[in-house]
Amino acid sequence: MKKKLFVVPAVLGTIGTFLTPYVLFKRFIGRFIIKDEMNLGKEWMPYKTELTVKYDELKALPHESVKIESFDKLMLHANFYKAGEQSSDKTLIVFHGFRGLAIRDFAMQYRFYMDMGYNLLIVDMRAHGESEGRYTGFGVLDSLDCVSWCEYIECRFGKEHKVVLHGTSMGAAAVMMACGRNLPDIVKAVIEDCGFTDIEEEFKNVLGNTPVKVFFIKVASIYSNIFAGYSFKEYKSTSALRKAKIPVLFIHGGSDDFVPTYMVRELYESCPTYKDMLIVDGAGHTMSYVVDKQAYEAKVKSFLKKI
């Protein structure tokens, strides 16, 4: 009887030890279905009406639905918007954040970039929107997809065309990680907004940095490596940036507690090329543009003039 009393908790404990990280993996890496497009956090409530108007406006613009095949045979989707009636020689490729909606998440600033003459290629990242995939790439796999989208633009418009990469949150990690990949020469710069240094550190920030939670994160990383094809420590934004050959603009909210502001300073220090940084006081995660539109636009214009 005493033996049974010992064995049952031990078995349950062992199951919990490995089941909990699997649930963690499925929750954060597995595909997520968005049921309410405008179910945003409370910090977005003051801007919800304006965002809704701009979101509807962007969706209504003439655009082309584009698909390419990824390195691992997934069909990836994006929407292509021409800058205007006249052909443009430059395109901004846009990558959204974790569990994001590509068009909605870029709706507030799309007009700013189009008015500067940029075509927009707004990407559904893998396991989001109309792109295929069971698992989120968390920047690692997305950085390879980013290279593929750049090659698509090069094939479509030629080697004289100019590309700027723009990413927010997880999308920012993707474009930073792409700096360590073999990007085509048409890519001239990167604009990253509130990206993280590496996946494991981001999970520690969100879930907690206690020994038990760190253990769960490390086991979840093993599951990710088995099922999704990458581990959380496999590829870091910081290590990729050390290989950068193009200019990078770093943008972050001064009150970001989802991806802590200290991360942008580590990212900035990792980059050996021409770089600039904007930290928007009082801005939370992904909020820099709406909190201080004037500072954001001035910094981006200044940066792009120098590339």
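**Group meeting: the protein and its residue H252**

Buried residues, meaning those under 20% relative accessible area with a 1.4 Å probe and protein chains only, make up 53% of the 307 residues in the protein. Please keep in mind that this is a predicted model, in which local features need pLDDT of at least 70 and side-chain atom pairs count only at pLDDT 80 or more, while totals for chains, interfaces and linings use all residues. Residues are numbered from 1 along each chain as its sequence is written, and side-chain values use heavy atoms, with hydrogens and water left out.

On the overall shape, a compact globule with 307 residues would have a radius of gyration near 19 Å, and the protein, at 20 Å, agrees with that; the radius is taken over C-alpha atoms, and the globule rule is 2.2 Å times the number of residues to the power 0.38. The C-alpha trace spans about 85 × 40 × 40 Å along its principal axes.

Let me turn to H252, which is found in strand 7, residues 248–253, where strands are DSSP runs of E, at least two residues, numbered from the N terminus. H252 counts as buried because its relative accessibility is 0%. Its side chain makes a polar contact of 3.4 Å with the side chain of D256, a polar contact being a pair of N or O atoms within 3.5 Å, one able to donate a hydrogen and the other to accept it. In addition, a polar atom of the H252 side chain lies 2.8 Å from the backbone oxygen of V259. Leaving aside residues up to four places away in sequence, H252 touches several others, among them C194, G195, L278 and S288, with contact meaning heavy atoms within 4.5 Å.

Definitions and conventions
Helices (H or I, at least four residues) and strands (E, at least two) are DSSP runs, numbered from the N terminus. Buried means under 20% relative accessible area, exposed over 50%, partly exposed in between (1.4 Å probe, protein chains only).
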